[in-house]
Every structure is written in C-alpha cells, then in structure tokens.
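Please look over the sequence and the structure shown here before reading on. The paragraphs that follow lead from the strands to the core, and from there to the aromatic rings and the confidence of the model.

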Amino acid sequence: MSSRSRAAVSFYAGFCVGALSLYMVLRWSGGLARSPAAAPAAPAAPATTSLPGPPASVLASPPSPEAEAAPTTTFVPEPPAFTFPAEPAPPTPPPLDVHSPDEPPRTLPHPPPDLTDYDRLRVRELTIPIQGLTARDIKDNFAELRGTRPHEAIDMLAPRGTPVVAVAEGTVKKLFTSDRGGLTVYEFDPEQAYCYYYAHLDRYADGLVEGKHLNKGDLVGYVGTSGNAPASTPHLHFTIFRLGPEKHWWEGTPINPYPLWALKR
C-alpha cells in the first residue's frame, strides 16, 4: 500500500472515532433531543382520595409581623331592644258639664250621694230657701232633663221678688252672673264640705258681698228669672254640691236636697 493510501485510511479512521466520541458526549450531556417514541412512559400516579383542606388563604405564606400587630374589629350584632306591650287605652270618661264664665257650676263625675251626705246634712235641719214655702209646695224635679242634660237641682216656684234666704249657716264664697244661671250665690258651709247654690235671682240682698258670714234664714236675694229662666215663670234654682278636695266653687258633686224636706210633709 502506498503511503498515500495509508494516509487516507488513517484520516478516515480518525474522523469516525472523533464523530463517535462527539455523539457519545452529546448524548450523555442531554444536548441531543430524544425522540418521543424513544422516551420511556412515565409511571402512572397512584390513586389518591381528595380530603377537604383549609382554604387557599390558609395555605398561603404566614402573615408578616406588621399584619399580626394590626388590630382587628369583630362585629357582634346587638340584641333587639325589648319593647313592653302597649297597654290598652283607658276608657273615655263621660263628658263633664263643662263650666265657663257664662255657665252654672260644673258637675264632677263622682258616685251619687250616699247616706253619709244626708246624715251630715239632716242634722243641720236646712230651712226651705224661699220665704213662705212649705215642703208641700216643693216638687222633686232633680232628675228631670233640661234638653240633653240632667237638671240636678230643685226648681221652686214663687212670685217675682219673693225673698230667698240662706238654708244654713255659711259664708258667701262667690257672687256670679252667667247666661244660664243669671244672678247666682255660692255659699260654703263652715266645714267647706258643701256648697249651697242659689240661681235665677232677680237681685241680690242689699249689702251682700263675697266673704260675708250668713246665718240660717239671712236674706241673700229675691226670686226672679235672670239667666235662661222663662220670663213668665219666676223660680229659684237650688241645689247642694259636695265639694272636692280643691274646694272649687265652680265644681262639685250634686246632691238632691228634696229628701231633706220630704219628711216634713
């Protein structure tokens, strides 16, 4: 073999050895991509059972110290306010016989007079307030209606100008003039437990003033038709009021005076 031939064989052999060495280096270093067919199949993952775990926010990284130091506010709902059940409205009292400067006394919604009132008044032996009248001349019209309101007084008929006298000892508490009662006298008894009421007077007795002391039989005025009394029917409108604790002359519980004289018939 010539020297020229031997040189060619040596070159070819060295080239093959170098190429093989380069192939092996690239293979083991990962530089040479593997074919998908050549890649071994990954082993199947074993079956697992998913269990409920904490939310993702819990699995996150722990809070920083600044976040832990920040105060937190917890909302606690307040219990509903307790409300007492509404009480039923009290019954509406019956309307009063309302008093005004032009009206006769107001009647208070007290129970009717009991025997105690009559026992206290009977021992005073009240005189009939019209001079010359007897028990037989008096009619019990206390419970009669005057329009839509109860009378709650005794009307004693007598000629105009007949003297009207105090039924018992007392004091003139008030001299008053009203549209319905006309000229009126309010006399309180010494105990200020009762008020004697005289109305429709034609005129007052001379010298009669508020605060004047009266004895039984003293003149207080004269029968007339002042106020709303019919001009053709002179009479005295008389009643007794049990006074309340306030001692108001314009209000009280009416007491029928007729039984005090009925036994004298």
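Two strands are said to pair if DSSP finds at least two bridges between them, and the helices (H or I, at least four residues) and strands (E, at least two) named below are DSSP runs, numbered from the N terminus. This is a predicted model, in which local features need pLDDT of at least 70 and side-chain atom pairs count only at pLDDT 80 or more, while totals for chains, interfaces and linings use all residues. Residues are numbered from 1 along each chain as its sequence is written, and side-chain values use heavy atoms, with hydrogens and water left out.

The protein chain holds five helices and twelve strands, and a good place to begin is strand E11. Strand E11 pairs with E4 in the antiparallel sense over four bridges, and within E11 the residue His235 stands opposite Leu157. E11 also pairs with E8, again in the antiparallel sense, over six bridges; here Tyr194 has Arg242 of E11 as its bridge partner. A further antiparallel pairing, over three bridges, joins E11 to E12, where Phe241 has Pro254 of E12 as its bridge partner.

How much of E11 is covered? Seven of the eight residues of E11 are buried, so that the strand is mostly covered, where buried means under 20% relative accessible area, exposed means over 50%, and partly exposed lies in between (1.4 Å probe, protein chains only). In the neighbouring element, Pro254 belongs to strand E12, which spans residues 251-255, and Pro254 counts as buried because its relative accessibility is 9%. The C-alpha atoms of Pro254 and Ile240 lie 5.8 Å apart in space, although the two residues are 14 positions apart in sequence.

Ile240 leads on to the nonpolar core, a term for a set of buried Ala, Val, Leu, Ile, Met, Phe, Trp, Tyr and Cys residues joined through side-chain atoms within 4.5 Å. The largest such core has 36 residues, and those that touch the most other members are Met156, Tyr196, Tyr198, Phe238 and Ile240. Several elements give two or more residues to this core, among them helix H4 (115-122), strand E4 (154-157), strand E8 (194-204), strand E11 (235-242) and helix H5 (258-262). E8 supplies the largest share, five residues. Separate from this core is a second one of nine residues, which includes Phe188, Tyr197, Ala199 and Phe241.

The aromatic rings can be followed next. Rings of Phe, Tyr and Trp (its six-membered ring) pair if their centres lie within 6.5 Å, and planes under 30 degrees apart count as stacked, over 60 as edge-to-face and the rest as tilted. A search of the whole structure finds seven aromatic pairs. In one of them, the rings of Tyr198 and Phe238 have centres 5.3 Å apart and planes at 55°, so this pair is tilted. The pair links distant parts of the chain, since Tyr198 lies in strand E8 and Phe238 in strand E11, 40 residues apart. Tyr198 counts as buried because its relative accessibility is 0%, and Phe238 counts as buried because its relative accessibility is 0%.

Trp249 and Trp250 form an edge-to-face pair, with 5.6 Å from centre to centre and 85° between the planes. Is Trp249 buried or exposed? With a relative accessible area of 16%, Trp249 is buried, whereas Trp250, with 27%, is partly exposed. Trp249 has its place in the loop between E11 and E12, and ring pairs link Trp249 and Trp250 into a cluster with Phe176, Tyr186, Tyr197 and Phe241. The C-alpha atoms of Trp249 and Phe188 are separated by 8.3 Å, and the two residues are 61 residues apart along the chain.

Finally, some values describe the chain as a whole. Of the 265 residues in the protein chain, 33% are buried. Contact means heavy atoms within 4.5 Å, and among the contacts in the protein chain with a separation of 6 or more, 66% are between residues 24 or more positions apart. The mean pLDDT of the chain, where pLDDT is the predictor's confidence in each residue, from 0 to 100, is 77, and 57% of the residues reach 70 or more. Over residues 35-39 the pLDDT is below 50, and beyond near neighbours in sequence this stretch has zero contacts in the model. Residues 93-102 also have a pLDDT below 50, but that stretch has 24 contacts in the model beyond near neighbours in sequence.
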